[in-house]
Amino acid sequence: MRTDSSPGTLPAREHLPAGDAGTPVLDVVIPVYNEEKDLQRCVLKLHEHLSRTFPYAFRITIADNASTDTTPYLSRQLEQWLPEVRAVRLEQKGRGRALRTVWSASNAPVLAYMDVDLSTDLNALLPLVAPLISGHSDLAIGSRLARSSRVVRGPKREFISRTYNLILRGSLQARFSDAQCGFKAIRRDVAQVLLPLVEDSGWFFDTEMLVLAERAGLRIHEVPVDWVDDPDSTVHIVRTATEDLKGVWRVGRALATGSLPLDRLARPFGDDPRDRGIKDVPKGLARQLLGFCAVGALSTLFYLLLYTGFRQFTGSQVANALALLVSAVANTAANRRLTFGVRGGAGAVRHQAQGLVVFAIGLALTSGSLAALNVASAEPAHSTELAVLIAANLAATVLRFLLFRVWVFPDRREDPAVTAATAGPATTAATAPLPTYSDPLPTHPDLLPTYTDLGDHR
């Protein structure tokens, strides 16, 4: 199918190959803002867990959101101590901004993030990313609302969380169970196409990403988690809830008006036998046939109504020509948009002109049928005329579809090999440098860590 507004679709999901030595398969981002109390404990615990249980190379990225305490200094120390840790400094706050920046520049095929307080039990990390590595899913989220999850938190947060998810289900028809759990992962190829569509740079970033992914038909895997609330969390509940509701309104309005190009996120099925190539059958034929038949059925009813109306004032030949002309213009416009997916005004006049040629062929078939009927019977019944016209239109319909597909609306997409060969080197967000700490590490004895077993984490 060709759409003027779509630059292409995602490829079929595949199992990620084993990477070269030292190339991270997983990049876990930890967004932080003034987290000097928990940062080192969190990173060391996460590093130890991944080193012990994760079968691929990994990276831990500390994304500092303009912290004003000693968090930047501690991040740089961890980066020097542990080769799998990287520290990134952003001069503006916003969890969504941090995730977008790091994920867009990462070279790891699987991207994840978790909150610095490690409220989610780390045993859920491998089940979270495994479906992405295997090619089964596009995104994965931890869910505190799954039936088998075990959650410890106060009634206030429990009420807010469940109310928020009910709002998402009622307003945006979301089917995922937990939008706010700070434990998510996404495939890098999906992130490269999805993230440019996500506008929010704060706490609503996760929700917007999930809603757009779900509406585009991407597969979201949910993992039940064990989760313990952090009583010292710095999240401002009222302010966050207000911003989230504003985001729900904005995304809902965009979805209702169709202003989001979600077709660029379309992805074919994987190893489904129904999607395997069949020799000499053009792609999209089945879908186009269904669309053409639906438009054709409505056009036939429209034509018959017009013919019956015109027949009250004129002869059968003139009524047939007028009815066929009007319905042909409507049929070409409907097939252009609905069957063959052509959007915009470019080429519309040419398409209508070609459609009129197809109309002339249909007119010849139907007019010839009427002429033959009049030769056979001097005064045929109106029901007989309609029956002959229906039969003639069925024959014309088959020819019309073939002409539409190969002549009026041919698929003129460029060959990928030719496009790749002629295009210059692309600069993507994944190759853009990240803002890192480049100045020398200052001597600050008062801030040095007190861990005595650091050697075990190297």
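This briefing covers salt bridges, helices and a nonpolar surface patch in one protein chain. The structure is a predicted model. The count of salt bridges comes to 16, and salt bridges that share partners join R95, D115, K184 and D206 into one network. Helix α7, which holds D206, is mostly covered. On the surface, six residues including W407 form a nonpolar patch.

**The salt-bridge network around R95**

- R95 forms a salt bridge with D115, and their closest N and O atoms are 3.9 Å apart. This pair links distant parts of the chain, since R95 lies in helix α3 (residues 95-105) and D115 lies in the loop between β4 (110-114) and α4 (125-134), 20 residues apart.
- R95 has a relative accessibility of 10%, so R95 counts as buried, the cut-off for buried being under 20%.
- D115 has a relative accessible area of 24% and is therefore partly exposed.
- R95 also forms a salt bridge with D206, and here the closest N and O atoms are 2.7 Å apart. This pair too links distant parts of the chain: D206 is in helix α7 and R95 is in helix α3, with their positions 111 residues apart in the numbering.
- D206 counts as buried because its relative accessibility is 1%.
- K184 belongs to the network as well, joined with R95, D115 and D206 through salt bridges that share partners.

**A salt bridge at D38 and R41**

- D38 and R41 form a salt bridge in which the closest N and O atoms are 3.4 Å apart.
- D38 has 14% relative accessibility, so D38 counts as buried.
- R41 has 38% relative accessibility, so R41 counts as partly exposed.

**Helix α7**

- Helix α7 runs over residues 205-215, and 10 of its 11 residues are buried.
- The buried residues of α7 include the charged residues D206, E208 and E214 as well as F205, M209, L210, V211 and L212.
- T207 and A213 are also among the buried residues of α7.
- Just after α7, G217 takes a positive phi of about 90°.

**Packing of helices α1 and α2**

- Helix α1 (residues 39-53) packs with helix α2 (residues 71-81), their axes lying 10 Å apart at an angle of about 25°.
- The two helices α1 and α2 are therefore roughly parallel to each other, because angles under 35 degrees count as roughly parallel.
- The crossing of α1 and α2 is right-handed.

**I160 and A241**

- I160 lies in helix α5, which covers residues 155-172.
- I160 has 27% relative accessibility and so counts as partly exposed.
- I160 and A241 are 81 residues apart in sequence, while their C-alpha atoms are 8.5 Å apart in space.

**The nonpolar patch on the surface**

- V357, I361, L365, L399, V406 and W407 form the patch, and together they have about 480 Å² of accessible area.
- Helices α11 (348-376) and α12 (382-408) each supply at least two residues of the patch.
- L365, one of the patch residues, is placed in helix α11.
- L365 has a relative accessible area of 36%, so L365 is partly exposed.
- An α-helix has 3.6 residues a turn, so residues three or four places apart point the same way.

Notes: Residues numbered from 1 in each chain as written. Predicted model: local features only at pLDDT ≥ 70, side-chain atom pairs only at ≥ 80, totals over all residues. Heavy atoms only, no water. Patch = residues over 30% accessible without salt bridge, like charges linked within 9 Å, V, L, I, M, F, W, Y side chains within 5 Å. Areas by Shrake-Rupley, 256 points an atom, 1.4 Å probe, with all protein chains shown as cover. Salt bridge = Lys/Arg side-chain N within 4 Å of Asp/Glu carboxyl O. Helix = DSSP H or I, 4+ residues; strand = E, 2+ residues; numbered from the N terminus. Buried < 20%, exposed > 50% of the residue type's maximum accessible area, 1.4 Å probe, protein only. Axes fitted to C-alpha atoms, helices over the stretch in contact; angles between N-to-C directions. Parallel < 35°, antiparallel > 145°, perpendicular 65-115°, else oblique. Left-handed = near helix turned anticlockwise from the far one by under 90°.
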